[in-house]
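Biologist: I would be grateful for a close look at a single part of this model. Please take one element and describe it in full.

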Amino acid sequence: MTIALHMSLHVYTSLDGLKSNTSQLGLEMDLHVDAQTSPQTTGSESVNTDSMDMEHGKSPDKEATSKSATETRGATPETIREGQATIIFPSLNEVFYNPVQQFNRDLTIAVISVHAELQLAAKGLKVSYEPRNKEPDTAHNGATSTEGSNDPSVATDTYHPGEYCQEGLCVLEGLSATGLRGVRYAKEIPGLKNIVANDWNVEAFKAIERNIQHNGVEHLVTASHADASLLMNQYRLSDRVDVVDLDPYGSPAKFLNGSMQAVKDGGILCVTCTDMAVLCGNRSEACYAKYGAMSLRTKYCQEMALRIVLHSIETHANLHHRYIEPLLSVSIDFYIRLFVRVHTSQSKVKHSAAKKALVYHCEGCDNFHLQRMGRVIPIGTDAKNFKYKNTYGPPVGTKCENCNSRFLLGGPLWAEPIHDPDFVKKLLSHVNAHSDRFHTSPRMKSILTLVSEELLDCPFYHKFSQLFHHVRSACPPMKKFRSALLNAGYQVSLSHITAEAVKTNAPHSVIWDIVKEWVKQNPTPRKRKLEEDCISNVILNKEARITVSFDVRQDAMPMSHKQGMTRFPANPAPNWGPKARAKPSSSSETLEEKRARLQDKRAKPKEPRTQTET
Ligand SMILES: C[S@@+](CC[C@H](N)C(=O)[O-])C[C@H]1O[C@@H](n2cnc3c(N)ncnc32)[C@H](O)[C@@H]1O
Ligand SMILES: [Zn+2]
């Protein structure tokens with residue numbers, strides 16, 4: 001099956017040809033390398049920012065894909081197996097595939113499965129994750145069932161992976177490359193009606209068609225050869241889909257408007273961004289152009305990246321009288337992946353300004369303050385009517401109260417929770433109950449557990465070692481620091497992003513009081529006197545406002561730590577690293593040859609993350 005888009009977008013044999021055709025259509029196409037330098041990163045929070053022309057790096061874990069196709073892809077077609085799919089590649093590196101992105105695909109399969117389960121349950125239908133038993137099944141409700149068929153005319157009330165479901169979900173994968181995702185969704189997620197796997201690259205399109213056939217999923221997956229934005233716009237006029245999946249090279253920004261036309265009310269948008277240099281403050285002007293927000297080079301830049309993208313998705317949603325509800329927003333290695341539910345409501349759109357904020361970031365001590373863009377004031381007690389007002393500001397003076405440095409302005413960004421705790425709980429139960437479905441399930445469990453422990457109403461975090469670095473002191477055990485925050489009456493949590501994150505609702509003055517007290521109790525011998533006006537001295541010389549207790553508390557350790565979970569696994573795979581774009585078929589260079597050619601021309605991979613917690 002093939003979808004034909006009756007527009008001037010058909011077969012292209014090279015990216016150059018494609019670029020000139022798209023510019024005639026007024027479409028944006030990013031073919032340049034955007035940034036090669038890293039945002040401000042050290043140690044465990046490293047962000048690889050070779051991005052824009054590179055894609056999806058770092059291995060999720062040791063168990064990544066069984067065979068590294070990119071290592072071995074030569075002149076003849078190759079097959080690789082991931083999940084339940086077997087994918088045939090064209091020769092050379094003509095179609096994009098990155099084996100280390102299996103985590104991204106596994107996580108998406110879990111998210112769509114949970115969504116499908118909820119949607120079907122509302123219609124009185126069930127799903128099973130086991131392959132269909134060929135014999136008549138009496139397992140469900142004790143009655144013989146006619147379940148499980150590729151034939152749309154067969155009635156059933158329980159659906160297994162690989163089966164057509166008339167009442168099931170429709171998925172649109174806008175940027176499919178090999179069709180791997182589409183095929184995996186078809187073979188692994190029960191309760192689906194149709195998946196459209198689209199790519200505008202002709203080699204990719206042929207690969208999608210071939211892989212649909214090879215995996216016997218013609219009854220569920222449709223290959224499409226179109227520009228993703230134009231394709232998504234078509235859905236505005238017909239039936240919208242339950243899930244839109246966008247997994248582009250670099251930034252998804254240019255596809256967001258289309259996605260808001262394609263996804264149905266209550267449906268899910270899944271988005272990957274790999275342009276972390278842009279989102280993490282190395283190219284704030286490019287970030288503003290793409291996402292309508294100024295990024296900042298900060299210790300919390302990965303969370304800021306998530307919040308900038310949520311702000312951008314919400315802005316696109318608002319144009320169509322829609323708004324978003326973030327379900328799960330994760331920063332994985334050097335890319336981010338977001339899952340949001342999309343709703344339509346002209347009145348709720350009016351709340352959007354109040355969900356966003358500017359950030360004032362102290363360039364001295366990394367202190368941050370949020371300034372909401374608007375206020376919503378309830379009228380009466382029934383929470384049905386509201387007034388919408390501007391906010392008063394700014395929330396800070398011209399100099400930081402703790403270190404006298406100036407503030408940098410960033411944003412606007414999403415200031416509301418970035419995950420839905422109920423959805424994350426369901427997702428975690430699903431992964432725990434069906435671990436064998438996912439090759440990367442250990443990492444999925446770690447990240448989802450950490451996400452479930454994050455404080456929801458505290459945007460950003462402090463980098464633990466940096467706090468003590470500012471005052472030239474050694475760090476205390478992290479549990480003592482967390483206990484001090486709890487003893488002072490505040491909340492504290494980790495973040496899934498880095499083992500060094502301290503999320504808290506404590507004001508910065510309290511954090512510095514705790515740091516100062518530690519320095520007082522554990523003075524560090526200094527070789528030379530600190531200059532009078534250096535940040536350390538300014539912070540240390542401020543009067544403390546609270547009494548600090550470092551008495552260790554049981555609740556200072558998160559459950560994931562008590563359970564001995566490996567929470568921040570290292571990046572171990574030999575293939576770890578960003579992945580080059582697919583090359584047009586004229587290129588005869590294999591990836592190994594390219595590696596040899598580029599040897600020592602790029603930065604060495606960063607040190608793996610380590611578990612720094614004590
Ligand atoms: C990163 S790859 C997709 C990887 C794939 N989702 C996976 O998990 O293996 C991005 C793909 O988007 C395609 N692409 C880029 N711009 C596009 C556009 N405007 N419309 C359709 N496809 C596009 C490229 O040809 C490429 O195959
Ligand atoms: Zn400061």
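Which residues of H12 are buried?

Modeller: Residues are numbered from 1 along each chain as its sequence is written, and chains are lettered from A and ligands numbered from 1 in the order in which they are written. The model is predicted, with pLDDT of at least 70 needed for local features and 80 or more for side-chain atom pairs, while totals for chains, interfaces and linings use all residues.

Helix H12 covers residues 421-433; helices (H or I, at least four residues) and strands (E, at least two) are DSSP runs, numbered from the N terminus. Its 13 residues span 18 Å from first C-alpha to last, close to the expected 18 Å, which is 1.5 Å times one less than the number of residues.

Phe423, Val424, Leu427, His430 and Val431 are the buried residues of H12 (20 or more other C-beta atoms within 10 Å of a residue's own, against 12 or fewer for exposed and in between for partly exposed, with C-beta atoms placed from the backbone). They lie on the same side of H12 because they cover an arc of only 120 degrees around the axis, taken from the directions from the helix axis to the C-beta atoms. An α-helix has 3.6 residues a turn, so residues three or four places apart point the same way. Exposed on the other side of H12 are Pro421, Asp422, Lys425, Ser429 and Ala433.

The cover over the buried residues of H12 includes helix H3 (102-121), strand E12 (322-332) and helix H13 (441-453). Within H13 lies Lys445, which is partly exposed, with 19 other C-beta atoms within 10 Å. Neighbours within four places in sequence aside, Lys445 is in contact with Val431 and Asn432 (C-beta atoms, placed from the backbone, within 7 Å). Between Lys445 and Leu427 there are 9.3 Å in space, C-alpha to C-alpha, and the two are 18 residues apart in sequence.

Methods
Two residues are in contact if their C-beta atoms, placed from the backbone, lie within 7 Å.
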